[in-house]
Amino acid sequence: MSDALRMSELYAPTLKEDPVDAEVVSHRLLLRAGMMRRAAAGIYTFLPLGWRSVRKVEQIVREEMDAIGSQEMLMPIVQPAELWQQSGRWDVYGPELARLKDRQGREFCLGPTHEEIITATVRDELRSYRELPVSLYQINMKFRDEIRPRFGLLRGREFIMKDAYSFHADQDSLKEHYDAMAGAYGRICDRLGLEWRPVEADSGQIGGKVTTEFMALAESGEAALVYCSCGWAANVEAAEAVAAYTPIAVSSQPLTRVDTPDVKTIAELAAFLGVDPAHTVKTMAARSETGTLVFLALPGNRELNELKASHIVPGLELLEEDDFAAHGIHRGFLGPVGAPEGTLIVADRTLKAELAWTVGANEVDAHLTGAMPQRDFAVDVWADLIVAEPGDACPSCGGALSAARGIEVSQVFQLGTKYSEAMGATFMDEAGAEHPFVMGCYGVGITRSLAAVIEQHHDEHGIVWPMSIAPLEVAVLPLQVGDDTVSPVAEEIARALAAADIETIIDDRDERAGVKFADADLIGWPVQVVVGKRGVAEGVVEVKTRASGLRESIAIADAPGAVAKLVQEARDALR
């Protein structure tokens with residue numbers, strides 16, 4: 001049991017106006033409600049109320065990690081470069097990796113993630129299959145030097161994250177723990193009060209071939225996703241595109257050159273020829289990591305998924321304006337017929353249905369109609385190249401896809417042996433043979449999850465906290481401070497609630513009622529007990545539930561019990 005907090009003693013400097021640099025709701029409200037302050041671009045100081053909510057998110061995560069047998073530890077933020085050099089990521093991670101040197105000239109980095117250091121930690125200690133599996137997690141600060149930090153906690157440079165790593169003797173063991181982690185992540189989202197979806201994703205710089213993101217649905221989300229009523233969902237970067245396509249040609253056509261002066265875009269070409277853009281072929285030029293020229297062909301009305309293309313052609317990089325002349329090709333007039341010798345032709349699989357293509361002629365102001373694969377040119381690779389869109393068929397059930405935006409709050413990865421092989425982390429099996437660990441990696445954005453909750457739970461007045469992570473559960477609002485009838489009632493209710501282990505704050509500031517009401521809704525106290533002179537004279541107080549806006553007059557003697565019941569019901573709903 002603890003005493004009720006007092007607003008007069010609390011450091012929570014609220015703001016009446018929206019900060020000019022706050023771009024999304026969570027950023028705006030966390031600043032206005034006195035929960036955090038900007039220290040530098042993408043770096044924030046958490047004030048007492050904000051920190052209370054952060055700690056509650058952490059506690060939910062801890063409980064779920066402990067429940068599946070993962071053990072908490074703590075690793076350093078500053079990591080030696082040699083570990084990243086052993087994994088091969090030191091030179092490829094990119095400028096987001098903040099590098100530094102100590103006074104001896106030794107190189108280090110600020111950890112954006114901890115695969116290297118955890119692998120190095122266990123490789124000389126875990127030696128036998130009998131000790132496996134092992135799952136370890138930490139809740140720690142991370143730093144990624146984002147080129148353009150924005151949206152407050154949603155795209156910061158310094159942030160708090162829970163990252164877990166598991167070590168296994170075989171894939172079956174990894175799959176079992178991966179599924180347990182995914183289940184825990186779903187429960188975490190539920191306990192935070194989030195509307196969320198698990199989506200197929202790309203593993204990015206972390207590595208591994210199997211990964212799932214947990215997305216909180218929000219219009220402010222940076223991630224675009226597609227989903228189906230059957231439950232399938234994917235980030236558009238990773239989503240398989242199953243696009244309907246009705247070919248324009250049903251029989252062979254002659255290859256015909258068409259003069260198209262100053263026609264460089266698909267829209268211009270379609271208008272010039274009087275056809276639907278879907279029945280033209282967009283050709284994009286790129287180069288591979290070996291320098292090979294690559295032509296990427298896709299339906300004219302669809303967008304290239306560069307991530308998918310990079311998996312097909314390693315090191316793929318789209319050509320810039322100045323690169324075209326060096327290859328003897330012309331932007332806006334590219335096509336597979338007559339491509340420079342040695343060009344790799346990669347075509348979207350949707351185009352297999354099109355008998356005759358309308359493409360660039362590889363000369364200025366000219367296009368070709370009736371270009372036929374095999375007769376006029378060869379496709380080296382057929383692949384899924386396009387961005388999945390609403391209306392495409394679901395890869396799982398065939399239903400029509402819908403679109404949404406989301407905030408990635410967590411992700412699970414099956415890493416395999418990517419890091420253990422590179423860093424020489426092995427165990428001995430029953431027969432005495434050495435094998436690399438099979439690894440998993442699992443991350444939850446603690447501070448990002450906090451922001452995601454606010455993006456979903458707010459109104460025009462402020463934050464509408466789920467009970468599970470509200471900084472405090474109940475606010476008692478005496479409307480006349482120092483009044484010999486109002487103050488004693490407010491103080492007694494606050495004491496009774498605190499004695500019942502309800503997190504309580506009393507707004508004992510000498511402020512007008514309007515200020516107290518505005519701050520209470522801005523900060524988002526889930527239950528508010530309003531104690532006024534008229535109500536006390538009638539023997540009642542008003543109890544307001546922030547989420548529903550419901551107000552109820554309750555007898556003073558019954559108020560502590562009624563409020564405690566409200567709080568307990570809200571707690572139980574998010575367990």
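Strand β15 gives the most to the lining of the second largest pocket, with five residues, and I should say at once that what we are looking at is a predicted model. That strand runs over residues 281-287, and together with α6 (266-273) and β19 (357-360) it belongs to the elements that each supply at least two residues of this lining. In total 19 residues line the second largest pocket, and those nearest its centre are Lys264, Lys282, Thr283, Met284 and Gly332. The space inside the second largest pocket is about 350 Å³, and its lining divides by class into 11 nonpolar, five polar and three charged residues.

Just after β19 in our discussion comes the loop between β19 and β20 (366-371), where Asn362 is found. Asn362 is not a glycine, and yet its phi is positive, at about 60 degrees; with a relative accessible area of 16%, Asn362 counts as buried.

Let me turn now to strand β25, residues 438-445. Why do we describe β25 as largely enclosed by the rest of the structure? Because eight of its eight residues are buried. If you follow the strand on the screen, Val438, Gly440, Tyr442 and Val444 point one way, whereas Met439, Cys441, Gly443 and Gly445 point the other way, and all of these are buried.

Which strands pair with β25? One is β9, residues 158-168, which is antiparallel to β25 and shares eight bridges with it; within that pairing His168 stands opposite Val438, and Ser166 stands opposite Gly440. Another is β22, residues 402-416, also in the antiparallel sense, over six bridges, and here Val412 is the bridge partner of Tyr442 in β25.

Strand β9 is itself mostly covered, with 10 of its 11 residues buried. Besides its pairing with β25, β9 is joined by 10 bridges to strand β8, residues 134-143, and these two run antiparallel; as one example, Leu136 stands opposite Tyr165 in β9.

The loops on either side of β8 deserve a moment of your attention. In the loop between α4 (115-123) and β8 we find Pro133, and the peptide bond that joins Leu132 to Pro133 is cis, with omega about 0 degrees. In the loop between β8 and β9 lies Phe151, whose phi is near 60 degrees, a positive value in a residue other than glycine. Phe151 is buried, at a relative accessible area of 14%.

Next, helix α10, residues 446-456, which is mostly covered, nine of its 11 residues being buried. The buried residues of α10 are Ile446, Thr447, Ser449, Leu450, Ala451, Ala452, Val453, Ile454 and Glu455. One of them, Thr447, also appears in the lining of the largest cavity, alongside Gly42, Tyr44, Gly152, Leu153, Gly156, Glu158 and Phe159. The structure holds one cavity of 30 Å³ or more, and the volume of the largest cavity is about 30 Å³. Its lining is made up of three nonpolar residues, four polar residues and one charged residue.

For those of you who think about cysteines at the bench, how many disulfides does the model contain? The count comes to zero. The chemistry, as you know, is that a disulfide is a covalent bond between the sulfur atoms of two cysteines, and the cut-off applied here is that the two sulfur atoms lie within 2.5 Å. The sulfur of Cys109 is 15 Å from the closest cysteine sulfur, that of Cys441, and is therefore too far away for a bond; Cys109 is also buried, at 0% relative accessibility. For Cys230 the closest cysteine sulfur is in Cys228, at 3.7 Å, which is again too far for a bond, and Cys230 is partly exposed, at 40% relative accessibility.

I will finish with a residue in another strand, Ile554, which sits in β32, residues 551-555. Is Ile554 buried or exposed? At 11% relative accessibility, Ile554 counts as buried. Leaving aside its neighbours within four places in sequence, Ile554 is in contact with Gly539, Val540, Val541, Val543, Ala559 and Ala562. By way of contrast, Ala239 is 315 residues away from Ile554 along the chain, and the C-alpha atoms of these two residues are separated by 53 Å.

Notes. Residues numbered from 1 in each chain as written. Predicted model: local features only at pLDDT ≥ 70, side-chain atom pairs only at ≥ 80, totals over all residues. Heavy atoms only, no water. Buried < 20%, exposed > 50% of the residue type's maximum accessible area, 1.4 Å probe, protein only. 1 Å grid on protein atoms, 1.4 Å probe; cavity = no way out; pocket = protein on both sides within 12 Å on 5 of 7 lines; lining within 4 Å. Points joined across faces, edges and corners; volume = space filled by probe spheres on them. Helix = DSSP H or I, 4+ residues; strand = E, 2+ residues; numbered from the N terminus. Nonpolar A, V, L, I, M, F, W, Y, C, P; charged D, E, K, R; others polar. Contact = heavy atoms within 4.5 Å. Pairing = 2+ DSSP bridges.
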